[in-house]
Structures are given as C-alpha cells and as structure tokens.
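Work through the exercises below with the sequence and the model at hand. Each task is followed by a solution in steps.

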Amino acid sequence: MKKTAWAFPLVVLVLYLVLWVLTPDRTGRAVMAAAHVLGQVSFPLLLAFVMMLLLNRFVTPAHATRFLGRKSGVLGVLLSSAAGIVSMGPVYAWYPFLASLREKGASDFHLANFLGQRAVKPVLLPLMIAYFGWRFSLVFSIVSAFIAILAATVVGGLSRAGTGNENLPPF
Amino acid sequence: MKIAMPVDAPNLDAQVENRLGTASYLLVVDTETLDFEAVQGPSGTSGPGSGIQVVSMAVGMGAEAVLCGYIAPYIAQTLEKSGIRIIRAVRGRARDAVEEFQRGDFDRTEEAEAQHGEESPVHPALWRGAFQRAARQFVGMLPVLIGVILLVGLFQAFFPRQALTAVFSKDPFWDTLWGACAGILLTGNPVNSYVIGQTLLDMGVGLCGVTALMLSWVGVGLVQLPAEIGVLGARFAVGRNVATFLLILLAVPLIVGLSGGTW
C-alpha cells in the first residue's frame, strides 16, 4: 500500500473535526449518515470481495483479455454491460473488483462500460414506470445504455492515446 | 498487463534466458499491445544480489509477472507475497512465451502442478493464493473507500436536498445544466433520484432538469471521484466523468422529446 494512501481519509477526518467545532449538531448528523452508508455498503463490499476471490482463483489474464480485452468485440460489450446492469450497491464498492479485472487484462472501455451501465436498472424499472410512466422509463433506460457505451468509447480512446498505440480499437 | 523476462537480445525474437541475475537484457512486454521495453541486464559478470536488482527493475517497470527458466526460491517467495506471479521453466522465443501466457498455457500447467501436489479436490494452495491476492487488492482500496464514505456523510448532512429547488428556473437549458450538476454532487441508490425527481416535478420543475438529475445521479460522481482516480487513474476517471456529463447534456432533450414529456 502506498504511504500516501491514508492522506485522503485523514484530510476528510480533519474536515470533520473542524466542522464539529463549528457546527457540532450537523457534523453529528454527518457521522450518522456516514455510518448509515457504511452499513449500506457492507453487503455489496462483501459481494465484491467474493467476486474478486473467484476472479483471482478462476479467471486468468488470458480469459480477461479474451472476453474483456481490446479485441473481445461485441461479446465483450455485452458481458461488461450485463455485469454493470446486475451489479448492486454503491459504485465505490466495485472499484476494487474493477482494479482486479484491469490487472487481469480487461480493457478500460469495458471497465468504463461496466460503471456506466449501472445507470440501467431493470429491477427498478417497475418503480420508475410507477413514477414517470412506461414511455419515459423505457427511453431513459435505452438512452442510459447508449450514454454508457459512448462514454466508454471515449475512455477507450483516451487509454489508447495514453499508450501511444493508435492502431488499437478502443474496445 | 506487463510481464518481464530475462532474454539474450533486446527484442521479441530473443531467447528467454535461464536466470534473471545473469541475463543480457530484461524485456518487459505489455501482453495486450506487445509493446516492450528492453534494458541492459547485469550479464554473466555480475555478482550475488544481481537477481534481486533485476527483479526490482522489472517491478519498477510495472511487471506483474516474471517468466524465466529458474528463480531462487527466496526471491520467488518475496515476489509472490507482493502479488507478482512467477512462472518458471520457460524456454524458447520471448514472443512465443508471451503468446503462451496469453493463451493461458502456463495457468493450465500451474493448475496441473497444484493438483498433482495437493490431494484435496479443492486445491487449497490455489485458493490461498487467490485469497491473498484478493485481500491485498481489497486492503489497498480501503483508505480511499473510507475517505469517500466519510465524504458522502458530510455531503448528506451539509447539502440539504430541499436546496435543489432553488436552482431550477423552468428554462430547459439551465434546468438541464443545474440538474446535471446537482446529480454530480448527490449520491445514493437510484431510487432516491426517482423520489426526488417526482417531488421536483410536483413542485413545477421541468422534466429536463429532473431527467438530467437522474442521469448524472448514477453516471457521474464528484464525491467518489478521488476513489475512482485512486483505483483507475486520473485519465480514466476524469475522462469518463467529463464524457458522461457532456453526453447527459446532449441526451436530455432526446429523452424528453422521445418520451413526449413537457420541457
């Protein structure tokens, strides 16, 4: 672990201390809110850890490169989209899993697509329809999926530019 | 990912050499792009400790696996503890070794060795290794994760959702922009964005602002940006968030227009 890794949480903790002196009530509510978020994130984190364990045990760099690498084609897009759609819980619970996938050889396009497709939530569709009607909900979900793919293409392009290898496809 | 090999020439057609400490060159190859870097090795003239020196060089160049003929057990053990994969008994051309690595041939060999060595059908050695790697990756993420959770708490307490209504003006362009900006600051389950969106609609805010808020709620996140940068890099995280934000601004009129809603 990098020595500077704890700098970020320490800065936030200092912010808490300063705010606690200024507005103890509201800072107390912030502590409660953070504790609530920690409770919410626990199960998705456990799930992410189990997936990382399985990934490290069964998925080889060869698999990750073949199914989620730059040359994985439409199958790779479908796989990363499906994984993003079914993933649950806060996004940051999935960062360690994505880092692990990248170490194995998954491309930046697919990692970005995974993150973007989290906006598409079929399980929440009935609720969305109840609030906004079926037409809006359907258009919203379809356009969200396209936004994810387009943003992932941009990220794939940036990554390609970063490696200096312009001949590679973005996904 | 990058793999390192001791070789006899600075190119992919070089032969993989037996030991790191006596290698003519160290080749670090990106398995996906086949881009490589070659640095002069210690060669046969170097003394004890040169193997460790080469290994440090390989790790410094970003290698996550070392392919070689032989490696001293104490060096291998140290490297494996740090999550660097060691593959021994590699012979032949560097290019062929990379291809075998990509095909997973070495994985099958390792698995077969593990199965041969372990009588148990669950292969404890492979599970232990996988657990150690997962734990290392997970623990490495913890500080940023804790920071983000604390930051989310602050935002929830100091950024009241009622304040949202004040920024909307019923102008589709500005509502889209402010809605997208508000979504960047707020985090949580998408259900919350539906509830807030419906409340805003009931309060007379246009569908453009609500749609932008709901899209950026999940798609873009300022609070979790440090974590995303920490794990996936600034180019990835900033690029993804900026691209998604701009695409949201373009997509909102499309969604509102196609769904037949009022702007």
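**Exercise 1.** In this predicted model, find what percentage of the contacts in chain A with a separation of 6 or more comes from residues 24 or more positions apart.

Solution. Take the contacts in chain A with a separation of 6 or more; residues 24 or more positions apart account for 76% of them. A contact here requires C-beta atoms within 7 Å.

**Exercise 2.** Describe the secondary structure of chain A and state how much of the chain is buried.

Solution. Start with the elements: chain A has eight helices and zero strands. Along the sequence this reads α-α-α-α-α-α-α-α. Then turn to burial: 44% of the 171 residues of chain A count as buried.

**Exercise 3.** Determine how many residues of helix α6 of chain A are buried, and list them.

Solution. Helix α6 of chain A spans residues 108–117. The cut-off for a buried residue is 20 or more other C-beta atoms within 10 Å of its own. By this count 10 of the 10 residues are buried, and the helix is mostly covered. Among them are the charged-to-polar stretch ends D108(A) and Q117(A). The buried residues also include F109(A), H110(A), L111(A), A112(A), N113(A), F114(A), L115(A) and G116(A).

**Exercise 4.** Analyse the contact between chain A and chain B from the side of chain B.

Solution. First count the residues: 65 come from chain B and 68 from chain A. Next, assign the chain B side to helices: α3 (94–103), α5 (124–158), α8 (190–202), α9 (207–219), α10 (225–232) and α11 (234–259) each supply at least two residues. The largest share, 26 residues, comes from α5(B). Last, sort the residues on this side by type: 38 are nonpolar, 18 polar and nine charged.

Key. Residues numbered from 1 in each chain as written. Chains lettered and ligands numbered in written order. Predicted model: local features only at pLDDT ≥ 70, side-chain atom pairs only at ≥ 80, totals over all residues. Contact = placed C-beta atoms within 7 Å. Helix = DSSP H or I, 4+ residues; strand = E, 2+ residues; numbered from the N terminus. Nonpolar A, V, L, I, M, F, W, Y, C, P; charged D, E, K, R; others polar. Buried ≥ 20, exposed ≤ 12 C-beta atoms within 10 Å, placed from the backbone.
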